[in-house]
Amino acid sequence: VVKDFTTCLILRMRSVPALDSTALNALQNLTKVCESKGITLVFSHVNEQPMKVMKKAGFVALAGEENFCPNITAALERAEEIIK
């Protein structure tokens, strides 16, 4: 649930083994909606195959490489930086 005061949204991706074009399209749409509302998306633990798909499509550059974190601890730290 996104509230009016939300400035950061963490997507925990550790249970996502693969990403297809439909899922990537949905993430791109989510990114656009979040940008329009001033919300930064932070990705946690993106597995190898989804990361390859995201990089090839230019999605990592779109979302910001700094918003891709190796684990939930790093993602929470990134979120702290964003909301300060």
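Which residues of the largest nonpolar core touch the most other members? They are Met13, Leu27, Phe43, Val46, Met54, Phe59 and Phe68, out of 16 residues in that core. The model is predicted. The protein chain holds four helices and three strands. Its radius of gyration is 12 Å, close to the 12 Å that the globule rule gives for 84 residues, so the chain is as compact as a globular protein of that length.

**Overall build**

- Along the sequence, the elements of the protein chain run β-α-β-α-α-β-α.
- Measured out along the principal axes, the box filled by the C-alpha atoms is roughly 30 × 25 × 20 Å.
- Buried residues make up 35% of the 84 in the protein chain.
- Take the contacts in the chain with a separation of 6 or more: 76% of them join residues 24 or more positions apart.

**Surface and charge**

- The protein chain exposes about 5,500 Å².
- Carbon and sulfur atoms supply 53% of that exposed area.
- The chain carries 10 positive and 9 negative charges.
- The mean positions of these two sets of charges lie 4 Å apart.

**The nonpolar cores**

- Four elements give two or more residues each to the largest core: helix H1 (21-36), strand S2 (40-44), helix H2 (48-56) and helix H3 (59-63).
- Phe43 is one of the core residues that touch the most other members.
- Beyond its neighbours within four places in sequence, Phe43 is in contact with Leu11, Met13, Leu27, Met54, Phe59, Ala63, Asn67, Phe68 and Cys69.
- Another core, of six residues, lies apart from the largest one.
- Its members include Val42, Cys69, Ala75 and Ala79.

**Met13, a core residue in a loop**

- Met13 sits in the loop between strand S1 (8-12) and H1.
- Is Met13 buried or exposed? Its relative accessibility is 7%, so Met13 counts as buried, the cut-off being under 20%.
- Outside its neighbours within four places in sequence, Met13 is in contact with Leu27, Phe43, Ser44, His45, Val46, Asn47 and Met54.
- Leu27, Phe43, Val46 and Met54 in that set are also listed with Met13 among the core residues that touch the most other members.
- Cys34 follows 21 residues along the chain from Met13, and their C-alpha atoms are separated by 18 Å.

**Asp20, in that loop too**

- Asp20 is also placed in the loop between S1 and H1.
- At 45% relative accessibility, Asp20 is partly exposed.
- Asp20 and Val53 are 33 residues apart in sequence, with 7.7 Å between their C-alpha atoms.

**His45, between S2 and H2**

- His45 belongs to the loop between S2 and H2.
- Its phi is near 55°, a positive value in a residue other than glycine.
- The relative accessible area of His45 is 33%, so this residue is partly exposed.
- His45 is one of the residues in contact with Met13.

**Helix H4: Thr73 and Arg78**

- Helix H4 covers residues 72-83, and Arg78 lies in it.
- Where is Thr73 found? This residue is in helix H4 as well.
- Thr73 has 48% relative accessibility and counts as partly exposed.
- Thr73 and Ser44 are 29 residues apart in sequence, yet 8.6 Å apart in space, C-alpha to C-alpha.
- Why does Arg78 count as buried? Its relative accessible area is 18%, and the limit for buried is under 20%, so Arg78 qualifies.
- Neighbours within four places aside, Arg78 is in contact with Val42, Glu66, Asn67 and Cys69.
- Val42 and Cys69 in that set are members of the six-residue core.

**Glu65, between H3 and S3**

- Glu65 is in the loop between H3 and strand S3 (68-69).
- With a relative accessible area of 59%, Glu65 is exposed.
- Glu65 and Arg78 are 13 residues apart along the chain, and their C-alpha atoms are separated by 12 Å.

Note on methods: Residues numbered from 1 in each chain as written. Predicted model: local features only at pLDDT ≥ 70, side-chain atom pairs only at ≥ 80, totals over all residues. Heavy atoms only, no water. Rg over C-alpha atoms; globule rule 2.2 N^0.38 Å. Buried < 20%, exposed > 50% of the residue type's maximum accessible area, 1.4 Å probe, protein only. Contact = heavy atoms within 4.5 Å. Areas by Shrake-Rupley, 256 points an atom, 1.4 Å probe, with all protein chains shown as cover. Lys, Arg positive; Asp, Glu negative; His and termini not counted. Charge placed at Lys NZ, Arg CZ, Asp CG, Glu CD. Core = buried A, V, L, I, M, F, W, Y, C linked by side-chain atoms within 4.5 Å.
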